[in-house]
Amino acid sequence: MPPKRKSSRPPAPSEAEIDRDADTLDHLAADPTLISGVYNYCDRWCERCALTARCLSFRMDRATARHRGAEGKEGGAGVQSFWDDIARSFALAQRLVEREARKQGIDLDSAGALIAAEREERERRLLAARQGSALHHAATAYWKSARTLLEHLRPELSDTAAALQTQAQLGAGHPAEVAADLGDGLDVVQWYLFFIDAKLQRAVASRVEIVRDGGDGFPSDADGSAKIALVAIDRSIGAWARLRAHLPGHADAILDLLVRLERLRRAVEREFPAARAFRRPGFD
Ligand code: SF4
């Protein structure tokens with residue numbers, strides 16, 4: 001029999017670690033300078049965010065990274081780390097629910113079977129709404145085309161970088177500004193590549209919930225999610241337009257992306273007419 005391969009997965013968080021995370025969250029959440037819910041409708045680009053000091057999500061991430069000795073390490077362990085974080089967040093959310101239920105005297109076991117069945121039915125409903133949405137299809141078509149173009153651009157960008165370096169050595173033109181503009185444009189379009197689709201799916205799913213269950217009196221999560229998707233579309237349009245000016249050889253392909261994004265923007269505004277007016281905590 002072949003020897004069993006060792007799993008590269010780190011061990012699941014222990015009960016003590018989950019308790020420690022829950023304590024940390026309780027402690028951090030008591031800070032009155034935090035902006036409630038600021039992380040709900042942001043673009044998750046913490047590196048460029050002016051509100052890190054007032055964001056519970058950012059501070060919790062930093063605290064858990066410190067606990068794991070990972071602070072300062074670039075990018076973590078990629079996809080695996082992402083799923084580990086999801087699993088950890090889920091365990092933490094469960095622990096918080098258990099604590100709150102204990103405080104309120106709620107018996108979670110008696111309601112468990114019903115909740116599980118309802119959750120499955122709800123997840124099926126939301127998945128169908130997300131997958132059937134025209135916005136999701138348009139956003140997916142955009143990111144696929146954009147990703148293909150970005151892959152094609154890679155060799156040309158290396159040539160451009162070399163040319164800019166030569167210009168800098170010769171003291172000709174404004175190579176530093178061009179390089180910064182190119183770099184920033186690429187950062188922006190790459191950051192929002194999948195984000196737009198993810199937020200539009202959330203907007204569509206939230207709208208299904210609102211239609212089914214009625215509003216809860218709070219500003220609509222559907223509109224908030226559509227708003228941040230619109231912000232990401234606007235910024236992507238601006239960034240592609242700047243990239244187009246620097247990459248004349250790809251002007252037509254970039255124009256195609258701009259047209260896709262502009263159509264998507266209009267479609268989102270039609271489907272979520274109140275989204276632009278939605279006020280995101282801390283940002284608008
Ligand atoms: S609000 Fe700012 S700091 Fe907090 S998660 Fe969003 S981008 Fe990051």
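## Close-up views of a predicted all-helix chain

**View 1. The N-terminal stretch, residues 1-7, has pLDDT under 50 throughout.** In this predicted model, residues 1-7 make zero contacts beyond four places in sequence. A second stretch, residues 71-79, also stays under 50 in pLDDT. For residues 71-79 the model does have contacts beyond four places in sequence, five of them.

**View 2. The whole chain holds nine helices and zero strands.** Read from the N terminus, the order of elements is α-α-α-α-α-α-α-α-α. The chain has 284 residues, of which 19% count as buried. Take the contacts in the chain with a separation of 6 or more: 75% of them join residues 24 or more positions apart. Mean pLDDT for the chain is 84. A value of 70 or more is reached by 84% of the residues. Among the elements, helix 3, residues 78-104, has the lowest mean pLDDT, at 70. The highest belongs to helix 9, at 97.

**View 3. Helix 1 and helix 2 pack against each other at an angle of about 140°.** Helix 1 covers residues 15-29, and helix 2 covers residues 56-67. Their axes lie 10 Å apart. The crossing is right-handed. Helix 1 brings Arg20, Asp21, Thr24, Leu25, Leu28 and Ala29 to the contact. Helix 2 brings Leu56, Arg59, Met60, Ala63, Thr64 and His67. Sorted by class, the contact of the two helices has six nonpolar, three polar and three charged residues.

**View 4. Methionine 60 sits in helix 2 and touches residues of the partner helix, helix 1.** Leaving aside neighbours within four places in sequence, methionine 60 is in contact with Thr24, Leu25 and Leu28. Leucine 25 is 35 residues away along the chain, yet the C-alpha atoms of methionine 60 and leucine 25 are separated by 6.5 Å. Is methionine 60 buried or partly exposed? It has 18 C-beta neighbours inside 10 Å, so methionine 60 counts as partly exposed. The cut-off for buried is 20 or more.

**View 5. The ligand is surrounded by residues that include four cysteines, Cys42, Cys46, Cys49 and Cys55.** The other members of the shell are Val38, Tyr39, Arg44, Trp45, Leu51, Thr52, Ser57 and Phe58. By class, the shell divides into nine nonpolar, two polar and one charged. Two of its residues, valine 38 and arginine 44, are shown in the next views.

**View 6. Valine 38, one of the residues around the ligand, lies in the loop between helix 1 and helix 2.** Valine 38 counts as buried because it has 20 C-beta neighbours inside 10 Å. Not counting residues up to four places away in sequence, valine 38 touches Leu51, Arg54, Cys55, Pro281 and Gly282. Among these, Leu51 and Cys55 also belong to the shell around the ligand. Serine 57 belongs to the shell as well. Valine 38 and serine 57 are 19 residues apart in sequence, and their C-alpha atoms are 8.6 Å apart in space.

**View 7. Arginine 44 has a positive phi, near 60°.** The residue is not a glycine. Arginine 44, like valine 38, is placed in the loop between helix 1 and helix 2. It also belongs to the shell around the ligand. How many other C-beta atoms lie within 10 Å of arginine 44? There are 14, so arginine 44 is partly exposed.

**View 8. Arginine 202 lies in helix 7, residues 195-213.** Arginine 202 has 19 other C-beta atoms within 10 Å, so it is partly exposed. A residue is buried from 20 on. Histidine 136 is 66 residues away from arginine 202 in sequence. In space, the two are 9.8 Å apart, C-alpha to C-alpha.

**View 9. Arginine 279 is found in the segment after helix 9.** Helix 9 spans 251-271. Is arginine 279 buried or exposed? With 12 C-beta neighbours inside 10 Å, arginine 279 counts as exposed. The limit for exposed is 12 or fewer. Lysine 227 is 52 residues from arginine 279 along the chain. Their C-alpha atoms are separated by 8.7 Å.

Notes
Residues numbered from 1 in each chain as written. Predicted model: local features only at pLDDT ≥ 70, side-chain atom pairs only at ≥ 80, totals over all residues. Near = placed C-beta within 6 Å. Nonpolar A, V, L, I, M, F, W, Y, C, P; charged D, E, K, R; others polar. Axes fitted to C-alpha atoms, helices over the stretch in contact; angles between N-to-C directions. Helix = DSSP H or I, 4+ residues; strand = E, 2+ residues; numbered from the N terminus. Left-handed = near helix turned anticlockwise from the far one by under 90°. Contact = placed C-beta atoms within 7 Å. pLDDT = per-residue confidence, 0-100.
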